[in-house]
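Reader: Could you take me through one part of this model up close? I'd like to hear about the aromatic rings and how they sit together.

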Amino acid sequence: MKERKYVKETPVVIYDKNGLPNMMLKLENTAPTKDQADPIFIVKGVEYDSVYLSRFLNSAVNNQVVSLPFRDPLTMINMDDAIARIRQKGEGWHLLTNCEWQYIKDTTRPGTHGNTSCGEYHGDETETGIHSEYGRTEAGSGPAAWFHNGNTETGIADTIGNVWKIVSGIRLKRGKLEYMPNNDAAAPGADLSENSAEFLEVLADGRPVKIGPGENGMMITTGEVEGWDCVARDDVCVDLETVPPILEDLGVITDDMNASEEWFAADAELDEAICFVGASYSDTSYSGPSALYLLDPRSRVYTSVGFFSALLGKPVIR
């Protein structure tokens, strides 16, 4: 669990422009200066006073999406459709970004569990949620251990397991790792399309960082990679002379990689591989907040892939 300074958390209910309620976790920016503000509050160079994160995997109400408990998570929806449905909620609403997910990951309590075995936690069959379709459980229907902070009244549910979560602002392009700085992917006008020019390449020693199978298995490297693979994090080879700090900021490299069994998947041959995080109802011990899946195109839909939405607050006037 990593400390994130100058952030105050408060559970709130937000009504979107369609009049639908959403249970959210408000992150308030308490930094005394812009330079000290958490990256989650910096969007295209503008500092924001708050960000609101869905406390529950989004579900469908007619043609709208909401963050409410005890509902079947919305799945079988591709990335572009998820972005469009969320933007219908009003100005500032967006698909959860990787920057926002890293905040969740960093503040997740050690020992947090989830639906990792078709309705229950694989390590303790007494930890169960309310079963819905396939191996999913209704959002937030599990015990306190399935909330990121161990508290059903203030936490974010199902961050681990249940369904893979689509996040924006990070991707592979033919194996090259690209990202949007800070929380730029949350901007109302952010271009999240496959052909977007708003992404930056991650560089190490002046060369693009690539992820995929190489001469030493799954690799993070500036060398050659090809094909695809899924491995545990402790099987990933970091082959870089200098490791740029952005790799840790993006969650690609973690402090405990050498002892982690969480999924790490990548396809180095797709024109674009989008990012799923957190694992699903069938990933057992490979699940976790650091599980990273860069293996599918944005058109892919699954019964085990869903999403969180988020909302930007207001620009800070200092």
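Author: Here's a walk through the ring pairs, with a short look at two other spots afterwards. Keep in mind that this is a predicted model.

Searching the whole structure turns up four aromatic pairs. Take W164 and Y293: their ring centres are 5.0 Å apart and the planes sit at 45 degrees, so this pair is tilted. Tilted is the label for plane angles that are neither under 30 degrees nor over 60. What does the pair tie together? W164 belongs to strand 11 (residues 164–173) and Y293 to strand 22 (residues 292–296), so the contact joins parts that are 129 residues apart in sequence.

Are these two rings buried or exposed? W164 counts as buried, at 5% relative accessibility, and Y293 is buried too, with a relative accessible area of 15%. Both calls follow because buried means under 20% relative accessible area. The story doesn't end with two rings, either: ring pairs link W164, Y293 and F276 into a cluster.

Now for helix 2, which spans residues 98–106 and is mostly covered, with nine of its nine residues buried. That list includes W101, Y103 and I104, but also charged-type names such as E100, K105 and D106.

For a contrast, go to the surface, where D205, E215, D239 and E241 gather in a patch of negative charge. One of them, E241, sits in the loop between strand 19 (237–239) and helix 3 (246–249). E241 is exposed, at a relative accessible area of 72%.

Technical notes. Residues numbered from 1 in each chain as written. Predicted model: local features only at pLDDT ≥ 70, side-chain atom pairs only at ≥ 80, totals over all residues. Heavy atoms only, no water. Buried < 20%, exposed > 50% of the residue type's maximum accessible area, 1.4 Å probe, protein only. Helix = DSSP H or I, 4+ residues; strand = E, 2+ residues; numbered from the N terminus. Patch = residues over 30% accessible without salt bridge, like charges linked within 9 Å, V, L, I, M, F, W, Y side chains within 5 Å. Areas by Shrake-Rupley, 256 points an atom, 1.4 Å probe, with all protein chains shown as cover. Salt bridge = Lys/Arg side-chain N within 4 Å of Asp/Glu carboxyl O. Charge placed at Lys NZ, Arg CZ, Asp CG, Glu CD. Phe/Tyr/Trp six-rings, centres within 6.5 Å; stacked < 30°, edge-to-face > 60°.
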